[in-house]
Amino acid sequence: MRPIHYDLMSTIVPVIIVAGLIGLGIHSFAHAQEYPSDTTRGKAVYERHCQKCHGVGGWGDGPDAQALKVAPANFHRFSSFLKSDEELLRTIEHGVVFSPMHSWRGQLTDGEMQDVVTYIRLLAQQGR
Ligand code: HEC
């Protein structure tokens, strides 16, 4: 006599695995929908709000940079490169005290801040 649970397991286990895979797929899709970090959108945000200080290529040499007491960050510097995305995000979100780099919270959405970090990372990889 074949044990009955054998059949049950051989049907249920694949069903659970497939359901799990579908679930994962939906989850990552939904997540991607929430934050599709997008360099095109990041570029638009950067050109509009950041370029005048940080410069077209992210070298910290935008047209407004000379008038500032504190030089805008050059994203190609090693110190900048070593920072995590979260650290950069925090600076963008909260700004730097006593610095022309003010907080962008309220002016940019979370998604826009993510996008602009992605774009900064892209700039930092490009040469002159
Ligand atoms: C008025 C000029 C100005 C504008 C506009 C500006 N920044 Fe800055 N930013 C600075 C300055 C100055 C610093 C350096 C702050 C310090 O170290 O005191 C800085 C620093 C940063 C840093 C930290 C980099 C590091 O290595 O720690 C990031 C990230 C950054 N800016 C992103 C942005 C983004 C994104 C925008 C546009 C949404 C933006 N900045 C707009 C002046 C500006």
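In this predicted model, both His54 and Met101 are buried. These two residues coordinate the iron atom of the ligand, His54 through NE2 and Met101 through SD, at 2.0 to 2.2 Å. The iron site has 6 donor atoms with angles of 87 to 179° among them, and its geometry is octahedral. His54 sits in helix H3 (residues 51-54), whereas Met101 belongs to the loop between helix H5 (85-94) and helix H6 (110-125), so the pair ties together parts of the chain that are 47 residues apart in sequence. For orientation, ideal angles at a metal with six octahedral donors are 90 or 180 degrees.

The setting for this site is a helical chain. The protein chain has 6 helices and 0 strands, and reading along the sequence gives the pattern α-α-α-α-α-α. Of its 128 residues, 26% count as buried.

Attention turns next to the largest pocket, which holds about 570 Å³ of space. Its lining is made up of 28 residues, and those closest to the pocket centre are His54, Ala73, Phe75, Thr91 and Met101. Helices H3, H5 and H6 are the elements that each give two or more residues to this lining. The largest share comes from H5, with 5 residues. Sorted by class, the lining comprises 17 nonpolar, 6 polar and 5 charged residues. Both iron ligands from the protein, His54 and Met101, thus reappear among the residues closest to the centre of the pocket.

Thr91, another of the residues closest to the pocket centre, is placed in helix H5. At 30% relative accessibility, Thr91 counts as partly exposed, whereas His54 and Met101 are buried. Thr91 also has a neighbour from further along the chain to consider: Ser103 is 12 residues away in sequence, and the two C-alpha atoms are 7.4 Å apart in space.

Charged side chains offer a second view of how the helices are connected. The count comes to 6 salt bridges. One of them is formed by Glu47 and Lys43, whose closest N and O atoms are 3.1 Å apart. This pair is local: both residues lie in helix H2 (residues 39-49), 4 residues apart, or about one turn of the helix. Glu47 is partly exposed at 42% relative accessibility, and Lys43 is partly exposed too, with a relative accessible area of 36%.

Other salt bridges reach across the sequence. Arg121 pairs with Asp85, the closest N and O atoms being 2.8 Å apart. Here distant parts of the chain are linked, with Arg121 in helix H6 and Asp85 in helix H5, 36 residues apart. Asp85 has 36% relative accessibility and counts as partly exposed.

Glu93 and Arg105 form a further salt bridge, with 2.4 Å between the closest N and O atoms. Glu93 lies in helix H5 and Arg105 in the loop between H5 and H6, so that distant parts of the chain, 12 residues apart, are linked. The two partners differ in their surroundings: Glu93 counts as buried at 19% relative accessibility, because the cut-off for buried is under 20%, whereas Arg105, at 43%, counts as partly exposed. Through shared partners, salt bridges join Glu93, Arg105 and Asp110 into one network.

Two further pairs of residues round out the picture of contacts between separate stretches of the chain. Val45 is placed in helix H2, and at 9% relative accessibility Val45 counts as buried. The C-alpha atoms of Val45 and Val116 are separated by 6.4 Å, although the residues are 71 apart along the chain. Helix H2 thus contains the buried Val45 as well as the partly exposed Glu47.

Gln66, by contrast, is exposed, with a relative accessible area of 77%. Gln66 lies in the loop between H3 and helix H4 (78-81). Its C-alpha atom is 8.7 Å from that of Cys53, a residue 13 positions away in sequence.

Conventions. Residues numbered from 1 in each chain as written. Predicted model: local features only at pLDDT ≥ 70, side-chain atom pairs only at ≥ 80, totals over all residues. Heavy atoms only, no water. Donors = N, O, S within 2.8 Å, 3.2 Å for Na, K, Ca; no water. Tetrahedral: all angles 85-135°; square planar, octahedral: opposite > 155°, others 65-115°. Buried < 20%, exposed > 50% of the residue type's maximum accessible area, 1.4 Å probe, protein only. 1 Å grid on protein atoms, 1.4 Å probe; cavity = no way out; pocket = protein on both sides within 12 Å on 5 of 7 lines; lining within 4 Å. Points joined across faces, edges and corners; volume = space filled by probe spheres on them. Nonpolar A, V, L, I, M, F, W, Y, C, P; charged D, E, K, R; others polar. Salt bridge = Lys/Arg side-chain N within 4 Å of Asp/Glu carboxyl O.
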